[in-house]
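Student: Could you take me closely through a single part of this model and then through what surrounds it? I would like the cut-offs stated as you go, since I want to compare them with my own.

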Amino acid sequence: MEKSKLLTIAVVFLLILNFGTLGFLLFSGAKDGFFRQHHEGDREPRQIIIHELHFDKNQTIAYDKCIQLHRGEIRNIQDSIRNTKNELYLLLNQKSINTVKKDSLILILGHLQQEIEATHFNHFLNIKKLCNKNQLHDFEALTQELSRIFSKDRKPRHD
């Protein structure tokens, strides 16, 4: 087979593959997720939540206060995690590792992680309390998207 004929077949195949992929994205259920995620990619979770819940000025001010409190709580727990991990890894310098101490520190780390998750959950309960009756439906829809909104590759902000 000639090189030009092989090249033509390869180009046609790639064009068909590209059009097939675009068609799939446009006409399938992936459409909303793909384009919405791409559109939201430039916005922080705070902006997404304010937009999706249609917060007014007073709700936005109250939400910003919730964010600051939440960040402080998370920062304190993360400091405890960092200190506990340091204590745990310092055990590696001992000739004989105290397994009771090691297990105790690992258990503490598990409890601290549970505390982080409970703090996040309570933060969203506080956001729900900011919503009026008309916004509760939007909040319910938003809860379906929370893990996607906060799973983006970005510096953790925990809004």
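Tutor: What follows is a close look at helix H3 and its surroundings.

The model is predicted, so local features are reported at pLDDT of at least 70 and side-chain atom pairs at pLDDT 80 or more, while totals for chains, interfaces and linings use all residues. Residues are numbered from 1 along each chain as its sequence is written, and side-chain values use heavy atoms, with hydrogens and water left out.

As a frame for the close look, the protein chain has seven helices and zero strands, where helices are DSSP runs of H or I with at least four residues and strands are runs of E with at least two, numbered from the N terminus. Of its 159 residues, 26% count as buried, that is, under 20% relative accessible area with a 1.4 Å probe and protein chains only, against over 50% for exposed and partly exposed in between. Among contacts with a separation of 6 or more, 66% join residues 24 or more positions apart, a contact being heavy atoms within 4.5 Å.

Helix H3 spans residues 45-53, and its buried residues are Pro45, Ile48, Ile49, Ile50, Glu52 and Leu53. Just after this helix, His54 takes a positive phi of about 55°.

One partner of H3 is helix H6 (residues 136-143), whose axis lies 9 Å from that of H3 at an angle of about 140°; axes here are lines fitted to C-alpha atoms, for helices over the stretch in contact, and angles run from 0 to 180 degrees between N-to-C directions. H3 is therefore oblique to H6, because angles under 35 degrees count as roughly parallel, over 145 as roughly antiparallel, 65 to 115 as roughly perpendicular and the rest as oblique. In this packing, Ile49, Glu52 and Leu53 of H3 meet Asp138, Phe139 and Leu142 of H6. By class, that contact holds four nonpolar, no polar and two charged residues, with Ala, Val, Leu, Ile, Met, Phe, Trp, Tyr, Cys and Pro taken as nonpolar, Asp, Glu, Lys and Arg as charged, and the others, Gly among them, as polar.

Ile49 also leads to helix H5, where Phe124 is placed. Leaving out residues up to four places away in sequence, Phe124 touches Ile49, Phe139, Leu146 and Phe150, and with a relative accessible area of 15% Phe124 is buried. Its C-alpha lies 9.9 Å from that of His70, although 54 residues separate Phe124 and His70 in sequence.

Ile50, in turn, leads to helix H4, the place of Thr60. Apart from neighbours within four places in sequence, Thr60 is in contact with Arg46, Ile50 and Phe55, and at 15% relative accessibility Thr60 counts as buried. Phe55 and Tyr63 are both buried, and their rings have centres 5.9 Å apart and planes at 65°, so the pair is edge-to-face; the rule pairs rings of Phe, Tyr and Trp (its six-membered ring) with centres within 6.5 Å, and planes under 30 degrees apart count as stacked, over 60 as edge-to-face and the rest as tilted.

Finally, H4 (residues 57-90) and H5 (residues 99-130) pack with their axes 10 Å apart at an angle of about 175°, and these two helices are therefore roughly antiparallel to each other. The residues of the contact between H4 and H5 divide into 16 nonpolar, ten polar and six charged.
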